[in-house]
Amino acid sequence: MNQNAPILVLGHDGQVATSLRHLATEQKIPLKAVGHAELNLATAAQADISDLLEKINPWAIVNAAAFTQVDNAESQQEEAFAINQKAVAFLTKACQEKDLPFVHISTDYVFDGSKGQPYLETDPVAPLGVYGKSKEAGEQEALKYKKSIILRTSWVYSSFGKNFVKTILNAAVARPLLKVVDDQKGNPTSAPALAQAILSILQKIQKQGWQPAFGGIFHATGRGETTWYGFTQFLLERRKELGLSVPELLPVSTSEYPTPAKRPADSRLSPQKLESVFDLSLPSWQESSKRIAEELLKAE
C-alpha cells in the first residue's frame, strides 16, 4: 500500500465530504475530493470511474455522494437510482478490480421505523420511499465486494450546507412560532464526527491491513436519541444561553406536517457493532450539536 497515495472522496461540497476535506487538511492526510463538475454520478459510465481511478491512483475510496433529497426522490426516481444504486455498482466494481477498501455512506431510511427499539445491522430492511429504496439498492451493490464498509448514518448536520440545525437556527430569527414534529425518533449525527470516524477506520486499515471483520454494514451515528422537537428544544436553549431571543415552540404530529415521502417514525440505530469491531464511538448528539450551534450563533 502506497502510504503517499490519497483517499479518493466522491462528493465535494456535501456535509461529510466537506468535513473530510477539512479534517484531512488539518491532519495532513492525502485526500482528493471529486465533485459533480469532475464526475457526474447521475450519468457516469464504468469507464469514467475507471479513468478517474487511473488518474488519481487512490489507496481507498469513500463514497460521500448521494441523491439525498428525500421528497424530490419521489418524483425523480430515475436520477435517485442512477446515483444511489447504479453509480455504487460502478464504484464497487472499480474498487474490486484494484483491491481497494470502499467506504460507502448509507442511511436509516432503509428501515420503516416500526421496530420500536434501535435497529441492528442484521434487522430486515423495509424502506418506505424512493430515497430509502435507492439507498438500500446501493447497499446491495456494495455488499457484492468483500472490502466494502457500509456506514448507515442519520440526521446529519454541520455548520455548512443545508441541514436541520441551520434551518432551525435561521427560523428562530425569522419566525415568532416554530412547529416541529415530535413523533419521529432518531440519532442526530455530526458530519465532522462521522468524517473523523471514517478517517479513523481507514487509518486502522492502513496500520493493520484488511481484516475480514471490517467488511459489511455498520451503524455510525451520534450517541443518544431524540425527536425533531427535542432536538429543536436543545438548539433553542443554546440561543437562550447566549442571551438571544427564542420563538415559541409547538410540538406537532407527522400527520399535521404532510410531505411527499413517508418518514420512518423511529429510525434509531444501534452503534454497538462499530464500537466492537473498530473500537469507535461517535460523540453524543448533544455534545456535537452544542459545539456547532454555538459556532453558528457566534457568527450571527
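**Exercise 1. Work out how helix 6 and helix 10 are oriented to each other in this predicted model.**

Start with the geometry: the axes of helix 6 and helix 10 cross at roughly 45° and come within 11 Å. Next, apply the cut-offs: angles under 35 degrees count as roughly parallel, and 65 to 115 as roughly perpendicular. Helix 6 and helix 10 are therefore oblique to each other. As for the hand, helix 6 passes helix 10 in a right-handed crossing.

Now look at the side of each partner. Helix 6 brings Val165, Lys166 and Leu169, which meet Ile292, Ala293, Leu296 and Leu297 of helix 10. Sorted by type, the residues of this contact give 6 nonpolar, no polar and 1 charged.

**Exercise 2. Describe the packing of helix 2 with helix 4, and say which residues meet.**

First, locate the pair: helix 2 covers residues 46–56 and helix 4 covers residues 77–98. Their axes lie 9 Å apart, at an angle of about 45°. Helix 2 and helix 4 are therefore oblique to each other, and their crossing is right-handed.

Then list the contact. From helix 2 come Gln46, Ile49, Ser50, Leu53 and Glu54. On the helix 4 side they meet Ala87, Ala89, Phe90, Leu91, Lys93, Ala94, Glu97 and Lys98. The tally for this contact is 7 nonpolar, 2 polar and 4 charged.

**Exercise 3. Find how many residues of helix 8 are buried, and what covers them.**

Begin with the length. Helix 8 runs over residues 228–241, and its 14 residues reach 20 Å from the first C-alpha to the last, close to the 20 Å expected.

Go on to burial: 10 of the 14 residues are buried, so helix 8 is mostly covered, with buried meaning under 20% relative accessible area. Among them are the aromatic-ring residues Trp228, Tyr229, Phe231 and Phe234, and also Arg238 and Arg239.

For the cover, look to several elements, including strand 6 (156–157), helix 6 (164–174), strand 7 (177–181) and helix 10 (285–298). Strand 11 (226–227) and strand 12 (248–252) also take part. To finish, step past the end of the helix: Gly243 follows, with a positive phi near 75°.

**Exercise 4. Is Ser267 buried or exposed, and which residues does Ser267 contact?**

Place the residue first: Ser267 sits in the loop between strand 12 and helix 9 (272–278). With 1% relative accessibility, Ser267 counts as buried. Setting aside neighbours within four places in sequence, Ser267 touches Asp108, Tyr119, Trp155, Lys185, Gly186 and Asn187.

Methods. Residues numbered from 1 in each chain as written. Predicted model: local features only at pLDDT ≥ 70, side-chain atom pairs only at ≥ 80, totals over all residues. Heavy atoms only, no water. Axes fitted to C-alpha atoms, helices over the stretch in contact; angles between N-to-C directions. Helix = DSSP H or I, 4+ residues; strand = E, 2+ residues; numbered from the N terminus. Parallel < 35°, antiparallel > 145°, perpendicular 65-115°, else oblique. Left-handed = near helix turned anticlockwise from the far one by under 90°. Contact = heavy atoms within 4.5 Å. Nonpolar A, V, L, I, M, F, W, Y, C, P; charged D, E, K, R; others polar. Expected span 1.5 Å × (residues − 1). Buried < 20%, exposed > 50% of the residue type's maximum accessible area, 1.4 Å probe, protein only.
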